[in-house]
Amino acid sequence: MGSRDEVVEIESLERGLLSDNGTREEADKDDTVLYAATFEAMEEKFVKYQTAQWVLYSLLLVLAWGIGLFMLLYLPVRRYILRKDIRSRKLYLTPNAIVYKVTKPVPFPCFGMLKKEKYVLLPLVADIVIEQGYLQSLFGVYSLRIENAGVRRPASDDVQILGIADPRAFRKAVLAHLSNIRSEVLSRQTSTVEEFLNLRMGHPSPAWVSPSKSFGHNPSSSSGDLIIQKLEEVGSSIKRVEALIGEHHPQSSEPVD
């Protein structure tokens, strides 16, 4: 009995996981693409830039330890990996996130492919930075960096993408969508505050009503009763004092001549 129950539980868990994966794939498919960046136009410039950088490093290492010679022999494989890399890149903007996907061979392509997916939520995006170094400017290649809004997060967590065709257009699209999101959030907060104030003005809170009004008492009558009660207490105390004085000094019953 125990083994059957365990089998049933495992099957239910597997169905739940499969359904979750299906819903995630459907959600990925249903995400509308607001803007998609392109990389095809920058393929040749990107490969030339990476090749020049690889050759420079190889020459320096040849002069140092001789390892650069093996790097120069590896250059054709490196160029093949770079072309596969930039052709598989996908960078697009959705209503909720920035999605970056790439599939490229591992350093030794016979061992398979490497898939990478990066999702950056739009509320966590602080800015889109376009960078271009000296060597990049020679080949006309730009680097795009997505800065995180978290103050404590290091700069290494920022997403850096090299070889995008039109980085300024992508940056403009992201910032425009972020501005629309923030304006919508601000308008919702303002409308919520206005509705709350209208409700408080139309229906005052019981805490604002004075206790005398809440119980139906007249404040003038309650103060008059209090004064009368105090006067009665003073009169009774005076009578007690007179009685004590009379006991200590009794009056004479004989007439005075």
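**View 1. Glu 43 and its salt bridge to Arg 87.** Glu 43 counts as buried in this predicted model, because its relative accessibility is 12% and the limit for buried is under 20%. Its partner Arg 87 is exposed, at a relative accessible area of 54%. The two side chains form a salt bridge, with N to O at 2.8 Å. The pair joins distant parts of the chain, since Glu 43 belongs to helix H2 and Arg 87 to helix H4, 44 residues apart. Glu 43 and Arg 87 are also linked with Glu 44 and Arg 83 in a network of salt bridges.

**View 2. The salt bridge between Asp 127 and Arg 171.** The closest N and O atoms of Asp 127 and Arg 171 are 3.3 Å apart. Asp 127 is in strand E5 and Arg 171 is in helix H6, so this salt bridge ties together parts 44 residues apart in sequence. Asp 127 is partly exposed at 24% relative accessibility, and Arg 171 is partly exposed at 30%.

**View 3. The salt bridge between Arg 145 and Glu 147.** These side chains meet with N to O at 3.1 Å. Arg 145 is buried, with a relative accessible area of 15%, whereas Glu 147 is partly exposed at 24%. The model has 7 salt bridges in total.

**View 4. The largest nonpolar core.** This core holds 27 residues, and those touching the most other members are Leu 91, Ile 98, Val 125, Phe 170 and Val 174. Elements that contribute two or more residues include helix H2, helix H4, strand E3, strand E5 and helix H6. Another core, of 5 residues, lies apart from it and includes Trp 54, Met 71, Leu 75 and Ile 81.

**View 5. Contacts of Val 174.** Beyond its neighbours within four places in sequence, Val 174 contacts Leu 93, Ile 98, Leu 122 and Ile 128.

Technical notes: Residues numbered from 1 in each chain as written. Predicted model: local features only at pLDDT ≥ 70, side-chain atom pairs only at ≥ 80, totals over all residues. Heavy atoms only, no water. Core = buried A, V, L, I, M, F, W, Y, C linked by side-chain atoms within 4.5 Å. Buried < 20%, exposed > 50% of the residue type's maximum accessible area, 1.4 Å probe, protein only. Helix = DSSP H or I, 4+ residues; strand = E, 2+ residues; numbered from the N terminus. Contact = heavy atoms within 4.5 Å. Salt bridge = Lys/Arg side-chain N within 4 Å of Asp/Glu carboxyl O.
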